[in-house]
Amino acid sequence: MAMFENLSDRLSDSLKKISGKASLSEANIQDTLREVRMALLEADVALPVVKDFIEQVKQRALGQEVNRSLNPGQQFLKIVQAELESVMGEKNETLNLAAQPPAIILMAGLQGAGKTTSVAKLSRYLSEREKKKVMVVSADVYRPAAIEQLKTLAAEVGADFFPSDISQKPVAIVEGAIAAAKKKFVDVLIVDTAGRLHVDNEMMSEIKQVHAAANPVETLFVIDAMIGQDAVNTAKAFNEALPLTGVILTKVDGDARGGAALSVRHITGKPIKFLGVGEKVDALEPFHPERIASRILGMGDVLSLIEDVERKVDKKKAEKLAQKMAKGKGFDLEDLRDQLEQMNNMGGMAGLMDKLPGMGNMSQMMQQQNVTSQFGKMTVIIDSMTPKERRNPDILNGSRKRRITVGSGTTIQDLNRLLKQHKQMGKMMKKMKGKGMQNMMRGLGGMGGGSGGAMGGAMPPLGGLPPGGFPRR
């Protein structure tokens with residue numbers, strides 16, 4: 001996740017200096033807090049939030065809990081972490097869907113914030129993870145394209161779509177959708193509303209009417225994280241007009257500062273419930289303040305990583321590979337391609353590194369080397385082979401290698417590097433009984449904060465990478 005990259009770097013540098021100190025004085029606490037303050041302001045966190053945050057940390061840091069602790073530096077770090085969590089909301093706030101079905105969710109926000117996409121992502125989330133039957137409807141009568149977009153997305157995520165058109169009144173659309181949802185025994189009805197480019201009175205009075213007609217259990221405000229401070233001001237305006245119950249923060253993968261995420265809760269009093277982390281319809285994550293605080297401070301987020309693996313790793317393929325290895329059959333190039341694909345599903349190697357304790361800068365290194373595109377290159381090379389060659393790489397002689405590299409637009413060095421990589425991974429699979437990604441991440445889960453022996457188990461897929469990655473061409 002690109003969000004918080006800069007903040008994380010700045011904070012971990014400042015906090016490293018202080019966390020090793022055996023005793024803390026008011027002076028070195030003040031110096032560190034000055035650096036933390038600058039880092040937060042540069043991350044576009046709202047000024048009142050920064051002021052309160054620094055004040056809270058200062059009060060606690062100068063109090064008894066630090067002075068009396070055996071390791072004051074570490075204690076200071078804990079206070080910063082706890083206050084970061086508190087600013088963002090302390091724990092994940094789930095959707096409250098305990099209502100007479102259909103439970104209605106109303107989505108509000110400015111145009112371009114990603115409302116319609118978020119409706120689809122939320123539908124997918126609710127049907128997949130909460131096993132709900134979902135219907136969606138668009139009350140955006142100003143943009144025919146918005147209704148069409150929702151129809152397409154609904155089909156993609158398997159949600160019921162209630163048709164509407166621009167000749168109808170938004171309130172009538174909502175009433176029709178509620179009646180249809182009751183008939184079809186739908187669990188959740190999600191209503192997409194019209195957005196404008198800025199907050200205006202006409203828009204506010206319309207959304208109030210839609211809200212009154214829908215009587216939703218959840219009114220979620222969708223904010224684009226990229227617009228930083230402005231996002232928070234818009235949320236404030238909406239919060240005054242509507243009883244918001246939570247926020248969905250979108251495009252967090254594009255914003256390296258993260259100011260909006262740290263400011264929203266404090267300024268509106270409303271929790272962030274979800275993060276939109278990419279274009280795909282499954283790119284919606286519940287917002288866990290404690291995990292995000294841990295990532296900001298460079299401590300990784302192993303819990304989210306394990307959840308990711310549980311959800312995204314293809315269990316059947318993992319089982320098949322384990323059985324194959326148990327029978328003594330080797331790990332071939334088709335298996336390697338499967339593993340690369342699964343890694344890609346989880347956001348590539350850089351995405352994995354991002355969530356591991358102390359590996360944040362490793363993830364940046366990987367992005368610079370563009371490891372994900374290198375994985376792409378490896379897949380293309382494997383695709384250029386015949387099934388026989390994939391199953392038995394030992395038969396690759398000079399002429400076969402030439403044909404493969406010409407076919408994949410790569411070099412002999414690239415191919416040889418891939419074969420070396422494959423050998424190393426084969427050895428690792430033997431040790432792990434072939435379960436691949438699942439076992440690898442399980443090992444990491446047991447690591448906790450330190451980078452123990454399991455780390456060695458996680459790294460071999462990259463073992464063959466030269467220090468500079470594949471040469472760029």
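## A walk through the fold

The chain folds into 24 helices and eight strands. Please keep in mind as you turn the structure around that this is a predicted model. Of its 473 residues, 53% count as buried. The accessible surface of the chain comes to about 21300 Å², and carbon and sulfur atoms account for 51% of that area. Contacts also reach far along the sequence: among those between residues at least 6 apart, 76% join residues at least 24 apart.

Let's begin with the sheet. The eight strands form an open sheet in the order 3-2-4-1-5-6-7-8, and the pairing is mixed. Strand 3 (160-162) and strand 8 (284-286) stand at the edges with a single partner strand each, so one side of each has no neighbour in the sheet. From one strand to the next, the twist averages 25 degrees.

Strand 4 (residues 188-192) is a good place to pause. On one flank, strand 4 pairs with strand 1 (residues 103-109) in the parallel sense over five bridges. There, Ile190 in strand 4 is the bridge partner of Ile105. Strand 2 (residues 134-138) also pairs with strand 4 in the parallel sense, again over five bridges, and here Val137 stands opposite Val191. Strands of a sheet pair through backbone hydrogen bonds, either parallel or antiparallel.

Are the residues of strand 4 buried or exposed? Five of its five residues are buried, which leaves the strand mostly covered. In a regular strand the side chains alternate between the two faces of the sheet. You can follow this in strand 4, where Val188, Ile190 and Asp192 point one way and Leu189 and Val191 the other way. All of these residues are buried, Asp192 included.

Now for the nonpolar interior. The largest nonpolar core holds 54 residues, and the members that touch the most others are Leu40, Phe53, Phe76, Phe238, Leu249 and Leu262. Helix 5 (residues 72-88) supplies the largest share of this core, with seven residues. To see how the packing looks around one member, centre your view on Leu40. Leaving aside residues up to four places away in sequence, Leu40 touches Leu7, Val45, Val50, Phe53, Ile54 and Leu262. There is also a second, separate core of 26 residues, whose members include Ala103, Met107, Leu122 and Leu153.

Next come the charged side chains. Side chains of opposite charge can pair when their charged atoms come close. How many salt bridges are found in the whole structure? The search gives 14. One of them joins Arg60 and Glu83, whose closest N and O atoms are 3.0 Å apart. Arg60 lies in helix 3 (residues 47-61) and Glu83 in helix 5, so this pair ties together parts that are 23 residues apart in sequence. The two partners differ in their surroundings: Arg60 is partly exposed at 28% relative accessibility, whereas Glu83 is buried at 8%.

Another salt bridge brings together the side chains of Glu93 and Arg265, at 3.3 Å from N to O. Here the link spans 172 residues, from Glu93 in the loop between helix 5 and strand 1 to Arg265 in helix 11 (residues 259-268). Glu93 is partly exposed, with a relative accessible area of 26%, and Arg265 is partly exposed too, with 22%. Both count as partly exposed rather than buried because buried means under 20% relative accessible area.

A last stop lies further along the chain. The side chains of Lys377 and Asp414 meet in a salt bridge, with N and O 3.6 Å apart. Lys377 sits in helix 18 (residues 371-383) and Asp414 in helix 21 (residues 412-431), and the two are 37 residues apart. Asp414 is buried, at 1% relative accessibility. This pair does not stand alone: Lys377, Asp414 and Arg417 are linked in a network of salt bridges.

Notes
Residues are numbered from 1 along each chain as its sequence is written. This is a predicted model: local features need pLDDT of at least 70, side-chain atom pairs count only at pLDDT 80 or more; totals for chains, interfaces and linings use all residues. Side-chain values use heavy atoms; hydrogens and water are left out. Helices (H or I, at least four residues) and strands (E, at least two) are DSSP runs, numbered from the N terminus. Buried means under 20% relative accessible area, exposed over 50%, partly exposed in between (1.4 Å probe, protein chains only). Contact means heavy atoms within 4.5 Å. Accessible areas come from the Shrake-Rupley method with a 1.4 Å probe; for residues, only the protein chains shown count as cover. A nonpolar core is a set of buried Ala, Val, Leu, Ile, Met, Phe, Trp, Tyr and Cys residues joined through side-chain atoms within 4.5 Å. Two strands pair if DSSP finds at least two bridges between them. A salt bridge is a side-chain nitrogen of Lys or Arg within 4 Å of a carboxyl oxygen of Asp or Glu. Axes are lines fitted to C-alpha atoms, for helices over the stretch in contact, and angles run from 0 to 180 degrees between N-to-C directions.
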